[in-house]
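Hi everyone, thanks for coming. I'd like to walk you through one structure today, from its strands and cores out to its pockets and cavities.

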Amino acid sequence: MSETSKEQELEIIAREVAPCVRCKLSTTRTQTVFGEGNPNAEVMFIGEGPGKQEDLTGRPFVGKAGELLTRIIERGMGVPRDSVYIANITKCRPTVDLKFEKDRPPEDDEVIACSPFLLRQISIIQPKVIITLGNPSTRFILRTKEGITKLRGNWGDFHGIPVMPTYHPSYVIRNGGENSPLKRDVWEDIKKVLDRLGWKRPG
């Protein structure tokens, strides 16, 4: 599939997502957050769901967690953010009691309703590596009940695509941020991805 047709295929899905009312999250969103990046990306990052800034802008990972993810991509991997692809399992912001105040992980019924869109994104992009961020995306992609602490840093598989689970940037921020030992763990996971792809480590 050419890059142009990949873009067109993704745009078709994005237009389906925009008016979606498959689950209760549609009742509180400002807008859907489809995903963004290079349709021919070798690396695809998958998180759990949009937060407040993402819901307002329509873009994935643009809040504090997004800033950290961007640093991981641009400084850690040595590539521009727009050369990878970034998406979430749910395309609408999941909040506690649907009050649109405090974020929460997506619930099972929300994942079931929304995940077909993500699976189509993966099918079109066909990345060489998927990096799952946190528990919800890791458990969904790897079909497991195991937690991220046990799974991170160990290669998994999604229909022949290597999967590297690592901590969600927001979890790193909540547990010490820039000085967190979790940040070093994420860096170790990213190094494994670079080695797998044959990419040179920055610096």
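A quick word on naming: helices (H or I, at least four residues) and strands (E, at least two) are DSSP runs, numbered from the N terminus. Now, this is a predicted model, so local features need pLDDT of at least 70, side-chain atom pairs count only at pLDDT 80 or more, and totals for chains, interfaces and linings use all residues. Residues are numbered from 1 along each chain as its sequence is written, and side-chain values use heavy atoms, with hydrogens and water left out.

Let's start with α5, residues 135–142. Is this helix mostly covered or mostly open? Mostly covered: six of its eight residues are buried, where buried means under 20% relative accessible area, exposed means over 50%, and partly exposed is in between (1.4 Å probe, protein chains only). The buried ones are Pro 136, Ser 137, Thr 138, Phe 140, Ile 141 and Leu 142. Among the elements covering them are β2 (43–47), β4 (129–133) and β6 (161–166). Just after the helix, Arg 143 takes a positive phi of about 50°.

Ile 141 also turns up in the largest nonpolar core. By that I mean a set of buried Ala, Val, Leu, Ile, Met, Phe, Trp, Tyr and Cys residues joined through side-chain atoms within 4.5 Å. This core has 26 residues, and those touching the most other members are Met 44, Ile 46, Tyr 85, Leu 118, Ile 122 and Ile 141. The elements supplying at least two residues each are α1 (3–17), β2, β3 (85–88), α4, α5 and β6. Which of them gives the most to this core? That's α4, with seven residues.

Have a look at Ile 46 in there. Contact means heavy atoms within 4.5 Å, and if we leave aside neighbours within four places in sequence, Ile 46 is in contact with residues including Ala 87, Leu 118, Ile 122, Ser 137 and Ile 141. Apart from this core lies another one, of 24 residues, with Val 43, Phe 61, Met 77 and Val 193 among them.

Next, the strands. Two strands pair if DSSP finds at least two bridges between them. β3 pairs with β1 (residues 36–37) in the antiparallel sense over two bridges, and with β2 in the parallel sense over four bridges. On the β1 side, Gly 37 stands opposite Tyr 85 in β3. On the β2 side, Gly 47 stands opposite Asn 88. Which way do the β3 residues point? Tyr 85 and Ala 87 go one way and Ile 86 and Asn 88 the other, and all are buried.

After β3 there's a loop leading to α4, and Phe 100 sits in it. Why does Phe 100 count as partly exposed? Because its relative accessibility is 24%. Phe 100 is 48 residues from Lys 52 in sequence, yet their C-alphas are 8.2 Å apart in space.

Now for the empty spaces. On a 1 Å grid over the protein atoms alone, a cavity is a set of points where a 1.4 Å probe fits but cannot get out, a pocket is an open set with protein on both sides within 12 Å along at least five of seven lines, and lining residues have an atom within 4 Å of a point. Grid points are joined across faces, edges and corners, and a volume is the space filled by probe spheres set on the points.

The largest pocket has a volume of about 700 Å³. It has 29 lining residues, and Glu 48, Asp 103, His 168, Ser 170 and Arg 174 lie nearest its centre.

The second largest pocket holds about 360 Å³. Its lining has 13 residues, with Asp 108, Pro 136, Arg 139, Phe 140 and Lys 145 nearest the centre. Here α5 comes back: it gives the most to this lining, with four residues.

How many cavities of 30 Å³ or more does a search of the whole structure find? Two. The largest is about 90 Å³. Of its 13 lining residues, Cys 20, Cys 23, Arg 29, Cys 92 and Cys 114 are closest to the centre. The second largest cavity is about 50 Å³, and its lining includes Phe 45, Leu 133, His 168 and Val 186. So His 168 shows up in both places: beside the centre of the largest pocket and in the lining of this cavity.
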